[in-house]
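Morning, everyone. Let me walk you through a new structure. Please have it open on your screens.

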Amino acid sequence: MTAPARLMAEGHDVRLEHTVTGLRRDEAGWCISTREGGEVAGRYAAVVIAVPAPQAAPLLQQAVGDMATLAAAVRMQGSWAVMLRFASPIDLPFDAAFINQGPLRWAARDSSKPGRSGMETWLLHATAEWSEAHIEEAPESVAEVLISAFATLGAPSPAAWSAHRWRYADSAPALALNHVWNSTVGLGLCGDWLNGGKVEGAWLSGRDLGLQVAAALGSA
Ligand SMILES: Cc1cc2nc3c(=O)[nH]c(=O)nc-3n(C[C@H](O)[C@H](O)[C@H](O)COP(=O)(O)OP(=O)(O)OC[C@H]3O[C@@H](n4cnc5c(N)ncnc54)[C@H](O)[C@@H]3O)c2cc1C
């Protein structure tokens, strides 16, 4: 899922592994601080915050109060995902299914997607409710529960697995604002939580905010 973002980042000055911890504005523009690198050199005419609402709220608190209130009101739920690898194709009568019973929400044969080759792989998603209730659990025990639930559908034991916890996966409910732009201070907000909660909404939100910022800065 990161491939489109990697492609779009090509040719740009992107600093990875930098957690933004502070935003401050003075007469010269925005000043950005990161946990890993301290204050970023330079001042910026505009800042776009493209992170989940609970992570946006503390940054906004320091900068623009009404945007902070908006972000703080959005509740986001976690999601556990478990990837499975099998030594050979497994015999199940579906390539993807919404389960929505017990801990499992969704199971998909990833290796059946167009352009895939290699080992048989499946992706299991836990429901939002189950994920939230077990969000602090160890990956081993989460995988054990989800693999057992998958087994009840007829799946054999996998040859290998990995579990991934998405702390802020779903907004409940997502807003329908597309994005927010404060032209007075040059601060924008975008992301799935502002535009329907899915990846398409995230892309449209970022794209529309980008156009608005470019127009405001005179480079559209
Ligand atoms: C397991 C899973 C499967 C999914 N499958 C689908 C699907 O099939 N179809 C679909 O439409 N959607 C799917 N989604 C939802 C989709 O991934 C999201 O809607 C989309 O990624 C949201 O994009 P975003 O840019 O708004 O936020 P994110 O993708 O959450 O990106 C925010 C980024 O900001 C970074 N960040 C946070 N705080 C800071 C900080 N202080 N400083 C610097 N960086 C920070 C985060 O590390 C993250 O990289 C899935 C989600 C999950 C969890």
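Start with the open sheet. It has 5 strands, in the order E6-E7-E8-E5-E9, and the pairing is antiparallel. Which are the edge strands? They are strand E6, residues 96-101, and strand E9, residues 160-171. Each of these two pairs on one side only. From one strand to the next, the twist averages 20°. One caution before we go on: this is a predicted model.

A word on sheets in general. Strands pair through backbone hydrogen bonds, either parallel or antiparallel.

Now walk across the sheet, from the E6 side. E6 and E7 pair in the antiparallel sense, over 4 bridges. Here Phe 98 stands opposite Trp 106 in E7. The hairpin of E6 and E7 has 2 residues between the strands. In that hairpin, Gly 102 takes a positive phi near 65°.

Next step: E7 to E8. These two run antiparallel and are joined by 5 bridges. Ala 108 stands opposite Leu 123 in E8. Leu 123 comes up again in the next pairing. Strand E5, residues 76-86, pairs with strand E8, residues 120-126. The sense is antiparallel, over 6 bridges. There, Leu 123 is the bridge partner of Met 83.

What lies across the sheet strands? Helix H5, residues 139-151, lies across E5, E7, E8 and E9. H5 runs at about 70° to E5.

Look just ahead of that helix. Glu 137 sits in the loop between helix H4, residues 128-133, and H5. Is Glu 137 buried or exposed? Neither: at 32% relative accessibility, Glu 137 counts as partly exposed. Leaving out residues up to four places away in sequence, Glu 137 touches Trp 80 and Val 142. Arg 165 is 28 residues from Glu 137 along the chain, and their C-alpha atoms are separated by 9.7 Å.

On to the aromatics. How many aromatic pairs are there? The count is 3. Take Phe 94 and Trp 122. This pair is edge-to-face, with 5.8 Å centre to centre and 90° between the planes. Phe 94 lies in the loop between E5 and E6, and Trp 122 lies in strand E8, so the pair ties together parts that are 28 residues apart in sequence. Trp 122 has 1% relative accessibility, so Trp 122 counts as buried. Add Phe 150, and you have one aromatic cluster of Phe 94, Trp 122 and Phe 150.

Then there is Phe 98 with Trp 106. That aromatic pair is tilted, at 4.7 Å centre to centre and 45° between the planes. We met these residues before: Phe 98 stands opposite Trp 106 in the E6 and E7 pairing. Phe 98 is exposed, with a relative accessible area of 54%. Trp 106 is partly exposed, at 23%.

Zoom out to the domains. The domain assignment gives domain 1 as 3-74 + 174-216, and domain 2 as 77-171. Taken over C-alpha atoms, the centres of domain 1 and domain 2 are 31 Å apart.

Now some helices. Helix H2 covers residues 53-63. Its buried residues are Ala 53, Ala 56, Ala 57, Leu 59 and Leu 60. What do the buried residues of H2 pack against? Strand E1 (20-26), strand E4 (47-49), helix H3 (65-72), E5 and strand E11 (187-189).

H3 comes next. The buried residues of H3 are Met 67, Ala 68 and Ala 71. They cover an arc of only 105° around the axis, which puts them on the same side of H3. The general rule helps here. An α-helix has 3.6 residues a turn, so residues three or four places apart point the same way. The face of H3 turned away from the buried side carries the exposed residues Asp 66 and Thr 69. What covers the buried residues of H3 includes H2, strand E10 (180-182) and E11.

Last stop: Ser 205. It is found in helix H6, residues 199-216. Buried or exposed? Ser 205 is buried, with a relative accessible area of 0%. Which residues does Ser 205 touch, not counting those up to four places away in sequence? Asn 178, His 179, Cys 190, Gly 191 and Asn 195.

That's the tour. Thank you.

Definitions and conventions:
Residues numbered from 1 in each chain as written. Predicted model: local features only at pLDDT ≥ 70, side-chain atom pairs only at ≥ 80, totals over all residues. Heavy atoms only, no water. Pairing = 2+ DSSP bridges. Axes fitted to C-alpha atoms, helices over the stretch in contact; angles between N-to-C directions. Contact = heavy atoms within 4.5 Å. Domains from an automatic or database assignment. Buried < 20%, exposed > 50% of the residue type's maximum accessible area, 1.4 Å probe, protein only. Arc of directions from axis to C-beta. Phe/Tyr/Trp six-rings, centres within 6.5 Å; stacked < 30°, edge-to-face > 60°.
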